[in-house]
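Let's take a walk through this structure together, going from the whole chain down to a single residue and then out to a chain boundary. Have the model open as you read.

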Amino acid sequence: MAGEGILPLELRGVRYAAGGRTILEDISLRIEAGPATILLGANGAGKSVLMRLMHGLLAPCAGELLWNGRVADSGVRRRQAMVFQRPVLLRRSALANLTYALALAGVPRREREREALAALREVGLEQVAHRPARRLSGGEQQRLALARAWALHPEVLFLDEPTANLDPIAAREIEAVIRAFDAAGTKIVMSTHNLGQARRLGDEVLYLHQGRLVERAPAERFFRAPQSPEAAAFLRGELPWS
Amino acid sequence: MTSTLEDAFRESLALVAGADPALARIVALSLAVSLSAVAAASAFGLPLGALLAVARFPGRRGVIVLLDAFMGLPPVVVGLLVYLLLSRAGPLGELGLLFTPGAMVVAQTLLVLPILAALTRQIVEDAWVEYEEQLRSLGATPLRAALTVAWDARFSLVTAVLAGLGRALSEVGAVLIVGGNIEGVTRVMTTAIALETAKGDLALALALGFVLVALVTLLNAAAHLLRRAAERRWG
């Protein structure tokens, strides 16, 4: 099995409901290794839930998810990471937040600090390694969350509106880190409702509308000529983008 | 009457200022009993509360409601129950604990345990809402996740323990019933205040009252400062 990737991820007829409300209906798609995938859609379209299903934080009510033909096991879970809209950091130093994640990932103790520092350097946070994580600025906290993901060397990185709570400058810094992930060969799956960001980072777009996948297209074509009326209306409504 | 009060007041201040041996012994026993009880209650209450916060099982809601209700258990009722357990005819009578400090520790432990467990449950559950997905994403087992969350909430948990200590130090019903307020053996601050007031020795009662209020105030201030300092240090 060595060297074999966990992608593609295939969803077949996935449905999710909670509290009597259907949130996702009949989602079938394949996520391939390579190009960055952007999930677009209005608030409440089901982007976050879809990512949580893919990452295994939620279980579908119907349908199945297959990673390279297999149901996710702990080995598959270990090769993916997720960064949330609001970074969840522990009350300890920035460095200790990373070594904690590395410990959970089974990295031997003597290697943790070196790997954690390397990841902090990657996102430009080595100078705050020993500061309490929750005392960092919002942008720094999110970069720390990205460093934590980076330290795990995931094959797939899920990002749920990672810049939604940040100012434009901090958001650009986050985007630069995401681009570095992408360049290093990590598969990016990101939700956003910032169209400018979607254009800058996305290679392909999945457009969700009221719990259904209504369009899937290369990013360039999606923004130039959306095929579905829902996506076209969304793009008109969201213009001008930043 | 006014002069009696004035005398009592002046005398009580002298007792406190001079660290009167009888007063000191009573205060020391109070602290020993209540600290032991809170230590014992913490050993069981903190894990119990944390477990209740993260575990999901049928009837969980009911257990939580019951626990929250038990936070307000009347000390005299707890005292009565422990008295029945420890009395010579009771199931644990052979231990010979009744009217010893040991019995008082048992009673206060039972009194404080629900308070600590209920507060811990609330604190850890609030943190759990925030951390759960991230910790699961990182691959933490439920036990590891619960420990991580409890450790992250450690400063709030300390304030819960201090609240429990305040409750133990200031209750009178439970220790009076199972301890018996025997001078030099089971007399603590609250039982002494009750007895000395009844006997008319207002000076000692007042002096103990001052010490008790000062201790409880100090505990609350400590809890407050600790939280603030932790907030500033760790965010």
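The paragraphs below go through overall form, a sheet, one residue and an interface.

Please keep in mind that this is a predicted model. A good place to begin is chain A as a whole, which has nine helices and nine strands. Its radius of gyration is 18 Å, close to the 18 Å that the globule rule gives for 242 residues, so chain A is as compact as a globular protein of that length. If you align the view with the principal axes, the C-alpha atoms of chain A fill a box of roughly 55 × 40 × 35 Å. Within the chain, 43% of the 242 residues count as buried. The contacts also reach far along the sequence: among those in chain A between residues at least 6 apart, 67% join residues at least 24 apart.

Now turn to a sheet in chain A. Three strands form an open sheet in the order E2-E1-E4, and their pairing is antiparallel. Its edges are strand E2 (21-31) and strand E4 (62-67), each of which pairs on one side only. From one strand to the next, the twist averages 20 degrees. As a general reminder, strands of a sheet pair through backbone hydrogen bonds, in either a parallel or an antiparallel way. Here, strand E1 (residues 9-18) of chain A and E4(A) pair in the antiparallel sense over five bridges. To find one of these partners on screen, look for Leu9(A), whose bridge partner in E4(A) is Trp67(A).

Next, zoom in on Leu208(A), which sits in strand E8 (residues 204-209) of chain A. Is Leu208(A) buried or exposed? A residue counts as buried when 20 or more other C-beta atoms lie within 10 Å of its own. Leu208(A) has 25 C-beta neighbours inside 10 Å, so it counts as buried. Which residues does Leu208(A) contact, leaving aside its neighbours within four places in sequence? They are Leu39(A), Gly41(A), Ala45(A), Gly46(A), Lys47(A), Leu50(A) and Leu213(A). For a sense of distance, Leu95(A) is 113 residues from Leu208(A) in sequence, and their C-alpha atoms are 37 Å apart in space.

Finally, move out to where the two chains meet. There, 14 residues of chain B are in contact with 16 residues of chain A. On the chain B side, helix H5 (101-137), helix H6 (142-152) and helix H10 (202-234) each supply at least two residues. The largest share of that side, six residues, comes from H5(B). By character, the residues of chain B that touch chain A divide into four nonpolar, five polar and five charged.

Definitions and conventions
Residues are numbered from 1 along each chain as its sequence is written. Chains are lettered from A and ligands numbered from 1 in the order in which they are written. This is a predicted model: local features need pLDDT of at least 70, side-chain atom pairs count only at pLDDT 80 or more; totals for chains, interfaces and linings use all residues. Helices (H or I, at least four residues) and strands (E, at least two) are DSSP runs, numbered from the N terminus. A residue is buried if 20 or more other C-beta atoms lie within 10 Å of its own, exposed if 12 or fewer, and partly exposed in between; C-beta atoms are placed from the backbone. Two residues are in contact if their C-beta atoms, placed from the backbone, lie within 7 Å. Two strands pair if DSSP finds at least two bridges between them. Axes are lines fitted to C-alpha atoms, for helices over the stretch in contact, and angles run from 0 to 180 degrees between N-to-C directions. The radius of gyration is taken over C-alpha atoms; the globule rule is 2.2 Å times the number of residues to the power 0.38. Ala, Val, Leu, Ile, Met, Phe, Trp, Tyr, Cys and Pro count as nonpolar, Asp, Glu, Lys and Arg as charged, and the others, Gly among them, as polar.
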